[in-house]
Amino acid sequence: MPAVHVPAELRDLTGGRAMVDVDARTLGEVIDGLETRYPGLRTRLVTDGHLRPGLRALVAGAPAKGDLRGPVGATDEIFFLRQIGGGA
């Protein structure tokens, strides 16, 4: 099962768990699985069927391509990260 690394700002919804295994084959199914176990997570990750603006997903160390239909492997690790901007 893919392993999801839960960002610190979302752990209030996972009872403090930093990593969660989810049975899924796409990024969308990962988010659905998280929502089933931890209600409220979807709204913190997704808006209008896409990842929230400023949020990126890494699947197996690479940026997730496309939309939530992108595949995830059984042994992939998934990270949700805030994009950092700024500079001159």
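This is a selection-by-selection tour of a predicted model.

Residues are numbered from 1 along each chain as its sequence is written, and side-chain values use heavy atoms, with hydrogens and water left out. Because the model is predicted, local features need pLDDT of at least 70 and side-chain atom pairs count only at pLDDT 80 or more, while totals for chains, interfaces and linings use all residues.

**Strand S5 and its partners**

Select S5 (55-59); strands are DSSP runs of E with at least two residues, helices are runs of H or I with at least four, and both are numbered from the N terminus. Leu55, Ala57 and Val59 point to one face of S5 and are buried, whereas Arg56 and Leu58 point to the other and are not. Buried means under 20% relative accessible area, exposed over 50%, and partly exposed in between (1.4 Å probe, protein chains only). In a regular strand the side chains alternate between the two faces of the sheet.

Add S7 (77-82). S5 and S7 pair in the antiparallel sense over five bridges; two strands pair if DSSP finds at least two bridges between them. Leucine 55 has arginine 82 in S7 as its bridge partner.

Next add S6 (62-63). Its pairing with S5 is antiparallel, over two bridges, and valine 59 has alanine 62 in S6 as its bridge partner. S5 and S6 form a hairpin with two residues between them, and alanine 60 in the turn has a positive phi of about 55°.

**Aspartate 76**

Select aspartate 76, in the loop between S6 and S7. Is this residue buried or exposed? Aspartate 76 counts as buried, at 17% relative accessibility. A polar atom of its side chain lies 2.6 Å from the backbone nitrogen of glycine 73. Not counting residues up to four places away in sequence, aspartate 76 touches Pro2, Ala3, Val59 and Ala60; contact means heavy atoms within 4.5 Å.

**The largest nonpolar core**

Select Val4, Val30, Leu34, Leu45, Ile78 and Phe80: of the 21 residues in the largest nonpolar core, these touch the most other members. Such a core is a set of buried Ala, Val, Leu, Ile, Met, Phe, Trp, Tyr and Cys residues joined through side-chain atoms within 4.5 Å. Helix H1 (27-37), helix H2 (41-45), S5 and S7 are the elements that give two or more residues to this core. H1 gives the most, with four residues.

Centre on leucine 34. Leaving aside neighbours within four places in sequence, leucine 34 is in contact with Val4, Val20, Val22, Leu41, Leu45 and Phe80.

**Salt bridges**

A salt bridge is a side-chain nitrogen of Lys or Arg within 4 Å of a carboxyl oxygen of Asp or Glu. The count comes to four; the stops below include three pairs.

- Glutamate 9 and arginine 82 meet at 3.8 Å, N to O. Glutamate 9 lies in the loop between S1 (3-5) and S2 (19-21) and arginine 82 in S7, so the pair ties together parts that are 73 residues apart in sequence. Glutamate 9 is partly exposed at 41% relative accessibility, and arginine 82 is partly exposed at 46%.
- Arginine 44 and aspartate 12 meet at 3.6 Å, N to O. Arginine 44 is in H2 and aspartate 12 in the loop between S1 and S2, 32 residues apart. Arginine 44 is partly exposed at 30%, while aspartate 12 is exposed at 56%.
- Aspartate 67 and arginine 69 meet at 2.6 Å, N to O. Aspartate 67 is partly exposed at 26%, and arginine 69 is exposed at 67%.

Terms used: A polar contact is a pair of N or O atoms within 3.5 Å; within protein, one must be able to donate a hydrogen and the other to accept it, and residues adjacent in sequence count only if both atoms are side-chain atoms.
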